[in-house]
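Let's take a friendly walk through a protein fold together. Have the picture open beside you and turn it as you read.

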Amino acid sequence: MGSSSGQPITRVAVFDFDGTSISGQSGALFTRYLLFRRLMSPPRALRLIWWGIRYKLHLPYRQDEARELVLGALSEMSAPEVDELMVRFHDEVLRPRYRPQALEELARCQGEGMVALLVSATFDAMAAQAARIMGFDGYAATRMVRDAQGNYTGAVDGPVVAGAEKYRAVVRWCDQHLGEGAWRLERAYGDHHTDKDLLSHARVAVAVCPGKTLRVLAKRRGWTIADWDE
């Protein structure tokens with residue numbers, strides 16, 4: 001199959017990060033990391049925990065709030081210092097949590113000629129480091145606003161790359177790097193029910209260690225269920 005211009009279509013494989021490519025949630029782990037290093041106050045950490053409870057229980061919550069609370073704890077640090085901290089956290093905490101099966105699937109997809117993309121609601125600096133080390137061809141993650149001096153303001157730059165926004169972020173990246181109409185979403189991997197929009201657009205959808213809601217949906221829609229080891 002080719003595009004309308006006669007060029008071949010590039011097949012794309014998209015991997016969610018938290019709970020899919022790694023075991024655990026980077027946001028909760030980063031909060032703990034900052035708290036133990038006394039870079040975040042206990043009251044701020046409690047506000048983040050309350051945010052997480054609302055998220056899990058499907059209660060009203062605002063995606064920006066969690067990111068604002070985290071960066072608010074680091075407001076006295078310069079952007080390079082914050083980025084360095086996030087990279088160090090990734091290397092110390094997240095890298096040991098890479099799922100071997102995710103790395104195997106990534107290698108398989110690329111071996112079959114697909115472009116592999118990491119997509120995540122996590123901070124851009126963390127996702128960039130993960131994409132580089134894991135070997136992805138690109139990534140899409142949440143960016144934060146910088147002021148005139150280049151430092152973070154604490155506000156989210158555009159939408160958080162979560163829920164339905166994950167697929168929109170994939171479209172933006174692929175249109176920019178591969179060309180509009182020159183790609184298709186061949187495979188998508190996600191672990192949470194909020195990944196359903198991304199999975200719904202893939203020719204092959206894989207629910208990785210899914211929670212109850214996603215597992216039921218995956219069975220209903222005939223999606224592959226992969227219970228990768230923790």
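**Starting at the sheet**

Five bridges join strand 1 (residues 10–16) to strand 2 (residues 115–123), and the two strands pair in the parallel sense. Two strands count as paired if DSSP finds at least two bridges between them. Helices (H or I, at least four residues) and strands (E, at least two) are DSSP runs, numbered from the N terminus. For one such bridge, look at F15, whose partner in strand 2 is L118. Before going on, note that this is a predicted model, where local features need pLDDT of at least 70 and side-chain atom pairs count only at pLDDT 80 or more, while totals for chains, interfaces and linings use all residues. Residues are numbered from 1 along each chain as its sequence is written, and side-chain values use heavy atoms, with hydrogens and water left out.

Now take in the whole sheet. It is an open one of seven strands, in the order 4-3-2-1-5-6-7, with mixed pairing. At its edges stand strand 4 (152–157) and strand 7 (224–226); each has a single partner strand, so one side of each is left without a neighbour in the sheet. On average, neighbouring strands are turned by 30° against each other, direction ignored.

Strand 3 and strand 4 show the antiparallel sense, with three bridges between them. In one of these pairs, R146 has Y152 of strand 4 as its bridge partner. The two strands form a hairpin with five residues between them, and G150 in the turn has a positive phi of about 90°.

**Helix 6 and the core**

Which strands does helix 6 touch? Helix 6 (residues 124–134) packs on the sheet against strand 2 and strand 3 (138–146), and its direction makes about 150° with that of strand 2. Such angles run from 0 to 180 degrees between N-to-C directions, with axes fitted to C-alpha atoms, for helices over the stretch in contact. Helix 6 is mostly covered, as eight of its 11 residues are buried. Buried means under 20% relative accessible area, exposed over 50%, and partly exposed in between (1.4 Å probe, protein chains only). Among the buried ones are D124, M126 and Q129. Just after helix 6 comes G135, with a positive phi near 100°.

Next, look inside. The largest nonpolar core has 47 residues, and F15, F30, L34, M86, F123 and F136 have the most contacts inside it. A nonpolar core is a set of buried Ala, Val, Leu, Ile, Met, Phe, Trp, Tyr and Cys residues joined through side-chain atoms within 4.5 Å. Leaving aside neighbours within four places in sequence, F30 is in contact (heavy atoms within 4.5 Å) with residues including V70, L85, F123 and M126. Apart from this core lies another, of 24 residues, among them C174 and L217.

**Helix 2 and its surroundings**

Helix 2 (residues 42–56) has 15 residues, so at 1.5 Å a residue it should span 21 Å; its end C-alpha atoms are 21 Å apart, which agrees. The expected span is 1.5 Å times one less than the number of residues. Its buried residues are A45, L48, W51 and R54, and their cover includes helix 1 (26–36) and helix 3 (63–72).

Finally, find R38 in the loop between helix 1 and helix 2. Most residues other than glycine have a negative phi, but R38 has a positive one, near 60°. R38 counts as exposed because its relative accessibility is 79%.
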